[in-house]
Every structure is written in structure tokens, then in C-alpha cells.
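Hi everyone, thanks for coming. I'd like to walk you through a structure that is new to most of you, so have a look at it first.

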Amino acid sequence: MHRLRFLLIACPLAAACLMQLTSCERYVLPGIVLTPDTLLFQAATATQESVVEANVKCTLELSSDEGQPDWVSCSGLDFKGCGSGILQVTVTENKAKHSRKAAITITSESLRKQLIILQNPPTE
């Protein structure tokens with residue numbers, strides 16, 4: 001009798017809890033995948049893409065060692081996770097004699113991944 005009473009109470013309660021979870025949060029290990037995870041550009045202005053797949057909610061931020069890079073622009077930074085998206089990265093011409101580096105950091109509650117953006121200097 002006690003087992004029956006427990007099942008009558010526990011089953012609907014468990015079902016109610018599961019229905020509140022989104023498909024992004026159910027029974028999965030958190031994961032973020034970038035393909036590719038590094039973009040290498042020559043000195044000329046160019047655009048490349050990276051696919052981001054995440055089964056968790058996340059935020060994206062573009063940065064470099066010097067702060068917000070003015071030589072990189074990216075569409076797709078509004079990606080919030082729970083699916084896949086395309087990051088389209090454009091760099092302006094590098095006229096300096098040194099290479100440049102920036103990153104798009106993708107952060108969830110428990111994960112952190114980076115898309116590395118590298119641009120070579122002009123060849124002489």
C-alpha cells in the first residue's frame with residue numbers, strides 16, 4: 001500500500017519537473033563545438049566562417065589583447081546556444097609588419113571555448 005501511494009505521488013511530480021526542462025537541458029552533457037576552431041587569414045581583407053554547435057545556453061564575445069579589435073567584425077555573435085549557428089568573421093587588410101590575433105569566446109555556465117582569429121602581416 002505504501003509503495004502504491006509513493007508511486008501515485010512521485011510519478012506525477014517527476015513528470016511535472018521534466019516538462020519544465022527545455023530540450024536544451026535534458027539528459028545531456030554540456031557541449032560546445034567549433035568547426036573550425038581557428039581561422040587563419042592572409043594580410044588582405046577576407047571573410048571566413050566557423051560553425052558553432054551547442055546544447056547549452058551561452059554567450060559570445062569578441063576580444064583581443066588590446067581590447068575590442070577594430071580590424072575584425074563578426075556576424076552571428078547573437079547566437080544563444082541550444083542549436084547551431086554560423087559565425088561569419090571578416091578582417092580588414094593588415095598593413096602592419098606584425099601578425100594580429102583576436103578571439104571569439106563562447107561561454108556557458110560550465111564551459112568556455114574560443115574561436116581563434118589570426119591574420120598574417122603582408123609579405124615583402
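**Starting from a cysteine**

Let's begin with C82, which is partly exposed, with a relative accessible area of 35%. For the wording here: buried means under 20% relative accessible area, exposed means over 50%, and partly exposed is in between, using a 1.4 Å probe and protein chains only. Before going on, please keep in mind that this is a predicted model: local features need pLDDT of at least 70, side-chain atom pairs count only at pLDDT 80 or more, and totals for chains, interfaces and linings use all residues. Residues are numbered from 1 along each chain as its sequence is written, and side-chain values use heavy atoms, with hydrogens and water left out.

Back to C82, then. This residue lies in strand 6, and strands, I should say, are DSSP runs (E, at least two residues), numbered from the N terminus. C82 has a positive phi of about 60 degrees, even though it is not a glycine. As background, most residues other than glycine have a negative phi, and most peptide bonds are trans.

How many disulfides does the structure hold? The count is 0, where a disulfide is a pair of cysteine sulfur atoms within 2.5 Å. Take C58: it is in no disulfide, and the nearest cysteine sulfur, that of C82, is 7.6 Å away. C58 itself is buried, at 5% relative accessible area.

**The sheet with strand 6**

Strand 6 sits in an open sheet of 4 strands, in the order 1-3-6-5, with antiparallel pairing. Pairing, by the way, needs at least two bridges found by DSSP between two strands. At the edges are strand 1 (32-35) and strand 5, each of which pairs on one side only. Neighbouring strands here are turned by 20 degrees against each other on average, direction ignored; those angles are between lines fitted to C-alpha atoms, and run from 0 to 180 degrees between N-to-C directions.

Who are the partners of strand 6? Strand 3 (residues 46-57) runs antiparallel to strand 6, and 10 bridges join them. Strand 5 also pairs with strand 6 (residues 81-91) in the antiparallel sense, over 4 bridges. Watch Q88 in strand 6: E49 stands opposite Q88, and S75 stands opposite Q88 as well.

Strand 5 (residues 72-75) has two faces: V72 and C74 are on the covered one, S73 and S75 on the uncovered one. C74 counts as buried, at 17% relative accessibility. In the hairpin of strand 5 and strand 6, with 5 residues between the strands, G76 takes a positive phi near 105 degrees.

**The other sheet**

There is also an open sheet of 4 strands in the order 2-8-7-4, and this one has mixed pairing. Its edge strands are strand 2 (38-41) and strand 4 (59-63), each pairing on one side only. The twist averages 15 degrees from one strand to the next.

Strand 7 (residues 100-107) and strand 8 (residues 112-119) run antiparallel, joined by 8 bridges. T107 stands opposite R112 in strand 8. In the loop between those two strands we find S108. Is S108 buried or exposed? At 11% relative accessibility, S108 counts as buried. Leaving aside neighbours within four places in sequence, S108 is in contact (heavy atoms within 4.5 Å) with I32, V56, K57 and C58.

One last stop: a cis peptide bond joins T35 and P36, with omega about -10 degrees. P36 lies in the loop between strand 1 and strand 2.
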